[in-house]
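Trainee: I want to test the labels on this model. Can we go through the reasons behind them?

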Amino acid sequence: MTIEYAALERFIRDHILLPENPINTLEITRSTILAMTNRFSELGWSVKKVEDGASRHSLHELVSPDGTQQLSMVGGKVFRHPPVTETICRRKHLAKRMLDLAGVPVPAGGDFSPQERAAAAAYFEKVPKPAVLKPTDSGSSQGVTVGVRTAEEFDAAWKHALDGSRGRSNVMIERFVEGVELRAYVVGEDVVSVVARIQPFVVGDGKSNVEELISTFHESRSVHYRAMKMPAVVDWPFVEKQGLSRDSVAPEDSIVLLNPFCYPTIGAYIVDVTSVVSEGIVDMARGAKNAIPGLEVAGVDILVGDIRDASSALVVEVNTAASLDMHRYPTHGRARDVDRDVVDYFHKRYGIVE
């Protein structure tokens, strides 16, 4: 394990391995959309499905019991914020400026248009290494390169960022921040759930090679329906940077990360830490949501060296359409009914006539 992932290794040992925190048993998942629309209906809201062949998401219109208030629902996202709120959150550099203005700590870095490549290269030379390059308008790990150190790696990462963008993107260059990635789900002024998203990993036993350990990894996840449906995507060049190959026998008790990213779709572990995370980190998540004009519900991504120490935390991103299911169905720890939290918030704010 390289020094850049020391905090992640500590978290894995302290919150998964040493307490023998098992993978949750999960036989089936339930539709978030159905759960939310049913809850709105129970509370007296009119729920109308909207047909739109251009959208890949289910669309609903929600009208308050007295008929005076209307909400939009796209997939599991319920909102009434203006379009500018979406624009800010979708364009990472704009969100970062809002966060910085509000005094929310963010990773050091800058963004450059595709025409400013020479200036970006000069900036990259000054940034402490390793660095991260990513498009400002992409989602998940699309177009992101972690651990960029050399001019040659910069060239490849710049191209990858532009190729992974939606067409009008700047490229953001940031110092790599060592730590654990948290997703805090903020509803109004309440942080109702915090999970740690942990890269897929295996633990060496001194006997099995990495390929065999990965096979055991997938077997262990078979008890969790959602995890079973999303097997690990192994980034072999990343594994090789840890000094191992498919046939290598990992030393006993060593932790081998299988991918530099921590998204559920590539096999990440989701660990509920709501009850143990620092109150300062909770306050930071709330402040990040409030830094974006008009935003009422958000998923806030935070990198932290120690989940009990807010001084080590930086906000990476604010999402308007954050997944509810990672909170509803974590691989480790308590499941949280964030879908009900969202519906109840909007009902209390807009559906109850005083």
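Mentor: We will take charges and cysteines in turn. Keep in mind that this is a predicted model.

Trainee: Why is R39 with E42 called a salt bridge?

Mentor: The closest N and O atoms are 3.6 Å apart. The cut-off is within 4 Å, so the pair qualifies. Both residues lie in helix α2, 3 residues apart, about one turn of the helix.

Trainee: What makes R39 buried?

Mentor: R39 has a relative accessible area of 18%. Buried means under 20%, so the label holds. E42 has 56%. Exposed means over 50%, so E42 is exposed.

Trainee: How do you know that K159 and D163 form a salt bridge?

Mentor: Their closest N and O atoms are 2.8 Å apart. That is within 4 Å, so the rule is met. The two sit 4 residues apart in helix α6, about one helical turn. K159 is exposed, and so is D163.

Trainee: Why is E212 called partly exposed?

Mentor: Its relative accessibility is 42%. Buried is under 20% and exposed is over 50%, so E212 falls in between. E212 is in helix α7. With D205, D247 and E252, E212 forms a negative surface patch.

Trainee: How do you know that C89 is in no disulfide?

Mentor: The nearest cysteine sulfur, that of C262, is 19 Å away. A disulfide needs sulfur atoms within 2.5 Å, so C89 does not qualify. The whole structure has 0 disulfides.

Trainee: Is C262 buried or exposed?

Mentor: Buried. Its relative accessibility is 6%, and the limit is under 20%, so the label fits.

Conventions. Residues are numbered from 1 along each chain as its sequence is written. This is a predicted model: local features need pLDDT of at least 70, side-chain atom pairs count only at pLDDT 80 or more; totals for chains, interfaces and linings use all residues. Side-chain values use heavy atoms; hydrogens and water are left out. Patches are made of residues with over 30% relative accessible area and no salt bridge: like charges are joined within 9 Å, nonpolar side chains (Val, Leu, Ile, Met, Phe, Trp, Tyr) within 5 Å. Accessible areas come from the Shrake-Rupley method with a 1.4 Å probe; for residues, only the protein chains shown count as cover. A salt bridge is a side-chain nitrogen of Lys or Arg within 4 Å of a carboxyl oxygen of Asp or Glu. Lys and Arg count as positive and Asp and Glu as negative; His and the chain ends are not counted. The place of a charge is taken as NZ of Lys, CZ of Arg, CG of Asp or CD of Glu. Buried means under 20% relative accessible area, exposed over 50%, partly exposed in between (1.4 Å probe, protein chains only).
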